[in-house]
Amino acid sequence: MTTARFLKARDIAPWLEELSTAYTVLAPARHGDTVVFRDFNPANGIDMEHLSATPAKKALLPPCETLFEYKTTKTEEPPYKTAIELHPTLPEGKVLVFGARPCDARAMQIFDRVYDGNQARDPYYTARRNNATIVTLACDHQEETCFCDRVGGSPVDATGSDVLLTPLKAGYVAEALTDKGETLLNSTTFMKADGLKQEALNARHKMLEQVPDRSSFLDMERNLLSLFSDLGFWDKTAQACLSCGACTYLCPTCYCFNITDESHGDSGKRIRTWDNCMSSQFTLEGSGHNPRPTKAHRMRNRIGHKFSYYPQLHDKTLACVGCGRCISNCPVSFDIRNAVACAIQQADAAREHAHD
Amino acid sequence: MTNNPPNVYLPDMATIVEVVQETPAIKTFRVVLNSEERMRAFHFEPGQVGQLSVLGVGESTFVINSPPTRKEFLQFSVMKVGELTGHLHKLKAGDQIGVRAPLGNHFPYASMKGKNIVFIGGGIGMAPLRTLLLFMLDNRADYGDITLLYGARSPRDMAFGYEVEEWLQRNDMRTVLTVDNGTPEWQHKVGLIPNVLKEINPGPENTVAVTCGPPIMIKFTVQALQELGFDDEQVVTTLEKRMKCGVGICGRCNIGTSYVCKDGPVYTLAQLKQLPAEM
Ligand SMILES: Cc1cc2nc3c(=O)[nH]c(=O)nc-3n(C[C@H](O)[C@H](O)[C@H](O)COP(=O)(O)OP(=O)(O)OC[C@H]3O[C@@H](n4cnc5c(N)ncnc54)[C@H](O)[C@@H]3O)c2cc1C
Ligand code: SF4
Ligand code: SF4
Ligand code: FES
């Protein structure tokens with residue numbers, strides 16, 4: 001396998017237009033001053049330079065989707081009986097994510113273990129996932145806020161991608177990694193380029209050489225665990241946080257949702273929407289009791305989930321891909337890297353103390 | 001990836017066959033799934049829960065508080081605390097309701113065989129205990145002494161009154177009732193559950209304590225049990241968490257690595273001590 005083709009920069013738009021007949025195409029494009037993933041429209045252009053502010057997760061988990069519709073009918077004669085019919089609305093149609101970054105593609109695999117794992121399967125997610133193709137663009141630089149290298153990834157990692165694009169001078173080497181990817185590369189827009197494979201490999205090596213040598217956040221789930229009872233630590237960590245939840249909405253690995261009903265007379269629908277654990281209402285119980293009453297509790301859960309709970313449940317894979325979106329978009333510049341590094345330090349110190 | 005997983009979000013439609021007003025705030029709903037086949041195949045264990053839907057309003061979690069040994073209907077007892085429970089309370093026999101069940105784990109009744117059992121229920125927390133108690137009474141020979149301590153705010157807040165009378169009469173179990181605020185007619189104890197528990201003073205020897213109630217009651221009951229010499233493995237409790245999906249996906253109900261909707265709601269104190277303190 002691994003066919004390689006060459007895609008000239010100016011051929012991207014025509015190619016995506018061609019694909020738009022068969023797929024809903026999501027691509028990074030400008031929206032005002034920010035780059036976001038949006039439905040491809042040639043008029044909006046494509047931004048291949050910047051990491052988008054929003055992740056591509058909506059391709060698999062839309063911010064709002066209908067789970068089923070219902071209709072209530074009453075018998076005409078007394079005693080009036082009600083009947084309720086439910087109509088599930090499973091998603092149809094193929095989606096192509098173009099220009100995902102390696103962190104975005106890896107993030108989708110973090111969803112897979114939860115939504116398409118061994119226990120419960122989410123039929124809506126599974127339908128979208130089976131119909132999704134991911135074309136990933138290898139990064140040629142890291143932003144100051146990027147840290148994929150510290151959480152098990154890399155700026156040129158192809159994990160979870162169907163096609164990997166490597167930028168060269170006048171365009172991109174496209175390598176197929178799956179059957180879905182192979183099919184995509186059959187387009188006549190591409191030029192044959194098996195000879196460019198080596199050049200692409202070299203470019204990726206060069207990128208990797210630029211990645212600074214810094215400590216990894218892997219294998220620390222036990223460290224964090226030892227800090228769980230230290231609410232003082234989390235209190236200090238969460239001090240500036242506004243509980244706005246922006247970090248979770250922009251995070252490619254955050255997948256929590258809410259389920260609510262919307263009714264219109266005799267019919268209506270049950271919908272699910274993104275939700276976030278930084279909000280104080282997330283765990284508020286009917287009785288008024290709240291098991292995560294403070295920011296400290298909620299920050300502990302957010303960081304704990306990404307760096308300890310999830311890895312414990314899923315083969316040590318962290319549920320953070322280091323995209324840095326939560327850092328660059330937090331209104332109070334909360335930096336999850338510092339929080340995690342502090343936690344490691346604190347836990348190490350406590351351990352040494354215990355050995356003295 | 002499978003192609004057609006069953007739809008875990010789609011409720012079974014069911015018919016309410018009977019509504020019982022238990023207390024001013026609690027109503028019991030007896031429901032039968034509309035599909036005879038689904039009803040016949042419905043299998044659950046004591047302690048498992050379900051999501052009840054009022055279409056157009058939403059879903060909430062309730063224990064199936066009838067025991068699996070009695071299967072003519074599924075019983076849910078609902079305390080009115082907010083929006084969905086308020087709508088549930090308006091429903092009558094013959095009305096339609098959505099049911100997603102059974103969800104979650106169940107009481108470890110097999111490992112409780114041969115042991116003495118102390119039930120300690122507070123308010124609506126009696127609902128899950130009722131399931132297990134009836135199950136044990138239906139398999140009476142499998143268990144040792146059975147003690148029930150049931151507390152409510154006032155005499156009229158005690159649910160399952162019809163059964164409580166019967167339990168008081170039975171000579172194969174001991175039933176102790178208590179209320180926070182008595183009335184002149186009240187024949188039983190007055191006092192908070194943890195205090196009454198210490199008064200009854202059950203021995204920990206070959207005994208399992210099963211408790212459910214509001215978080216604050218559980219907290220002090222657990223302390224009382226520890227003072228009485230119960231160790232962490234001998235205390236079983238069920239937890240309440242706000243739930244949505246009920247199947248371990250939506251991420252709402254976790255305590256550390258444990259998802260109350262699928263790994264719970266039943267835990268031993270030993271298991272809870274392994275998790276962050278987010279009761
Ligand atoms: C495993 C399990 C088993 C359970 N078993 C039972 C049982 O057998 N019987 C039973 O009666 N209950 C049981 N419960 C509790 C039951 O699920 C809740 O009481 C119920 O979900 C409350 O639903 P509601 O929609 O009426 O409340 P809501 O309307 O959601 O809220 C009720 C109250 O909570 C507060 N509140 C909630 N949301 C907000 C908000 N957004 N803003 C401000 N305040 C808010 C308010 O005080 C409000 O009045 C169980 C729970 C669990 C997890
Ligand atoms: S974006 Fe920043 S302020 Fe908002 S919840 Fe996240 S950490 Fe807190
Ligand atoms: S936690 Fe922050 S850095 Fe990690 S994946 Fe989410 S948004 Fe990116
Ligand atoms: S209720 Fe959704 S994960 Fe438990």
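These legends describe close-up views of a predicted model.

**View 1. Chain B meets chain A.** The contact draws 48 residues from chain A and 42 residues from chain B. About 3,900 Å² is buried between the two chains. Carbon and sulfur atoms give 57% of that area.

**View 2. Polar links cross the interface of chain B and chain A.** Five salt bridges are found here. One of them joins Glu285(A) to Lys241(B), with the closest N and O atoms 4.0 Å apart. Between the chains, 20 residue pairs are in polar contact. On chain B, strand 3 (49-54) and strand 4 (58-63) each supply at least two residues of the side that touches chain A. That side of chain B has 21 nonpolar, 13 polar and eight charged residues.

**View 3. Ligand 1 lies between chains A and B.** It is surrounded by 25 residues. The closest are Thr61(B), Ser77(B), Met79(B), Glu83(B) and Thr85(B). Strand 4 of chain B gives the largest share of the shell, four residues. Strand 5 (74-79) and helix 2 (83-88) of chain B each supply at least two. By class, the shell holds 13 nonpolar, seven polar and five charged residues.

**View 4. Polar atoms approach ligand 1 from both chains.** In chain A, a side-chain N or O atom of Gln281(A) is 2.9 Å from a nitrogen atom of the ligand. In chain B, backbone N or O atoms lie 2.7 Å from a ligand oxygen at Glu83(B) and 3.3 Å at Gly82(B). On its own, ligand 1 has 980 Å² of accessible area, and the protein covers 74% of this.

**View 5. Chain A residues surround ligand 3.** Among them are Phe147(A), Lys306(A), Cys320(A), Cys323(A) and Ile336(A). The shell has eight nonpolar residues, two polar and one charged.

Note on methods:
Residues are numbered from 1 along each chain as its sequence is written. Chains are lettered from A and ligands numbered from 1 in the order in which they are written. This is a predicted model: local features need pLDDT of at least 70, side-chain atom pairs count only at pLDDT 80 or more; totals for chains, interfaces and linings use all residues. Side-chain values use heavy atoms; hydrogens and water are left out. A residue is near a molecule or strand if one of its heavy atoms lies within 4 Å of it. Ala, Val, Leu, Ile, Met, Phe, Trp, Tyr, Cys and Pro count as nonpolar, Asp, Glu, Lys and Arg as charged, and the others, Gly among them, as polar. Contact means heavy atoms within 4.5 Å. Buried area is the accessible area (1.4 Å probe) that two parts lose on being put together, summed over both. A salt bridge is a side-chain nitrogen of Lys or Arg within 4 Å of a carboxyl oxygen of Asp or Glu. A polar contact is a pair of N or O atoms within 3.5 Å; within protein, one must be able to donate a hydrogen and the other to accept it, and residues adjacent in sequence count only if both atoms are side-chain atoms. Accessible areas come from the Shrake-Rupley method with a 1.4 Å probe; for residues, only the protein chains shown count as cover.
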